[in-house]
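Work through the exercises below with the sequence and the coordinates at hand. Each task is followed by a stepwise solution.

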Amino acid sequence: MTLTFLRTAAAAAAVGATVLSAAPAQAHGAPEYPIGRVFNCYKNPALPACKAAIAVGGEQAIYDWNGVNQGAAAGNHQAVVPDLKLCAGGQEKYKGFDLARADWAATPYSPGADGKYEFRYNASAPHRTLNWKFFLTRDGFDASTRALKWSDLDLVAELGPHQMTTVDKTYFMKLSLPKRTGKHVLYSVWQRSDSGEAFYGCSDVDFGGSGVTPPAIPSSLKQIGQVSAAQDLPAQSKITLRVFDKTGADLEKIGITLSAAAPKAGWLAQIATQANASSAYLKVGALQGGTVVIPSGAAVMDVYAMQANSGVSFAMDTQLPGTTPMPPVTPSPAPSDAWTEGASYRVGQIVSHQGRQYRCLQAHTAWKGAGWTPSAAGSVNVLWLPL
């Protein structure tokens, strides 16, 4: 039995959707560093806190990781996002992310040489910015006892659009924060200037962190897809990550043989570790603080080309003991539904439109009037991949 996972560079041409028309649009961003709760659970759904959040609010929330918003906030954030619903941005769909838990994954957070803290935001569809507001929990707040209230927070920074830089849909900012120790919640609010829409994010941080400033994201690094683990594997299973050049010719093979049975997240971490140590072309894991790290308990990981223009692609083969390996093949498209304006779509979903099938590359809602059809020139290889 051979399980094959194939993701090409073309199939993941963009990390996030771009603005495709002048029509109003929603669901376009999340904190990347320190990573927000919803975005982290999209990347690492096997974490205990993430499992609990999904059990309460449903799995769709993590596929809509960039949609913690209020469309008519217009700066009146406390009016549209009530107490105890801050991490959900006041939305029922994200209510699981306001659970009182001690195990929300916290990013080690320390200032740089300039005394300021770096903040990065994955703007999957950039918008014009009016301002950013950052709130920090006060000393004594305990995320394990109850959800956040506005009274738990201090407004610690407010930045305008001229105080951020944009690199490849990532917003970079520097924050001057008051002294804190231990675990806290950094609450970010992004207010658009071209509409009343605002976005909200809870980032758990640990001020007893490593003391290391995150390095800059390498300009050459490019996400080209994902690898996933569908099942636990027995001892002596063989996992091979194959890397191909632009023409499809083999460049390298990275392989491991399991010495003992391993759960799916365990063996995926093993092959990712081996790839990151030996590959000349790829990194596997999650991008945090400018480096690719291997998240704990993750059954899905991102794959990054070390050179953005290299054109490399990859396939991961899993061979069980006593079976004969087979060459990787592109999976046949699953049965599809007709694309419908106004519907929400998840990553990997297959739809039919105008006699052709398309695979969704970025979770989104096809808002009426936006023109985000699979066949639209601006959305090909951004939202949809033709099959």
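The exercises go from the whole chain to ring pairs, a helix and a sheet.

The model is predicted, so local features need pLDDT of at least 70 and side-chain atom pairs count only at pLDDT 80 or more, while totals for chains, interfaces and linings use all residues. Residues are numbered from 1 along each chain as its sequence is written, and side-chain values use heavy atoms, with hydrogens and water left out.

**Exercise 1. Describe the protein as a whole.**

Step 1. Assign secondary structure: helices (H or I, at least four residues) and strands (E, at least two) are DSSP runs, numbered from the N terminus. The protein has five helices and 24 strands.

Step 2. Assess burial, where buried means under 20% relative accessible area, exposed over 50% and partly exposed in between (1.4 Å probe, protein chains only). Of the 387 residues, 49% count as buried.

Step 3. Compute the exposed surface by the Shrake-Rupley method with a 1.4 Å probe; for residues, only the protein chains shown count as cover. The protein exposes about 16400 Å², and carbon and sulfur atoms supply 53% of it.

Step 4. Take contacts, meaning heavy atoms within 4.5 Å. Among those between residues at least 6 apart in sequence, 68% join residues at least 24 apart.

**Exercise 2. Classify two aromatic pairs and place them in the chain.**

Step 1. Apply the criterion: rings of Phe, Tyr and Trp (its six-membered ring) pair if their centres lie within 6.5 Å; planes under 30 degrees apart count as stacked, over 60 as edge-to-face and the rest as tilted. The structure holds 24 such pairs.

Step 2. Tyr-121 and Trp-190 have ring centres 5.2 Å apart and planes at 70°, so this pair is edge-to-face. Because Tyr-121 belongs to strand S5 (residues 117–122) and Trp-190 to strand S10 (residues 183–192), the pair ties together parts 69 residues apart in sequence. Both Tyr-121 and Trp-190 are buried.

Step 3. For Trp-150 and Tyr-187, the centres are 5.6 Å apart and the planes at 85°, so this pair is edge-to-face. Trp-150 is in the loop between strand S6 (129–137) and strand S7 (153–159), and Tyr-187 is in strand S10, 37 residues apart. Trp-150 counts as buried at 9% relative accessibility, and Tyr-187 counts as buried at 0%.

Step 4. Follow the ring pairs further: they link Phe-119, Tyr-121, Trp-132, Phe-134, Tyr-171, Trp-190 and Phe-199 into a cluster.

**Exercise 3. Examine helix H5 and the surroundings of Ala-275.**

Step 1. H5 (residues 264–278) has 15 residues. The expected span is 1.5 Å times one less than the number of residues. From first C-alpha to last, H5 reaches 22 Å, close to the expected 21 Å.

Step 2. The buried residues of H5 are Trp-267, Leu-268, Ile-271, Ala-272, Ala-275 and Asn-276. Ala-275 counts as buried at 0% relative accessibility.

Step 3. Leaving aside neighbours within four places in sequence, Ala-275 is in contact with Leu-241, Ile-254, Leu-282 and Val-284. The C-alpha atoms of Ala-275 and Gly-255 are separated by 8.3 Å, with the two positions 20 residues apart along the chain.

**Exercise 4. Give the strand order of the four-stranded open sheet.**

Step 1. Two strands pair if DSSP finds at least two bridges between them. The order is S19-S21-S22-S24, with mixed pairing.

Step 2. Strand S19 (337–338) and strand S24 (384–386) are the edges, each pairing on one side only.

Step 3. Strand S21 (residues 350–353) and strand S22 (residues 356–360) pair in the antiparallel sense over four bridges. The bridge partner of His-353 in S22 is Arg-356.
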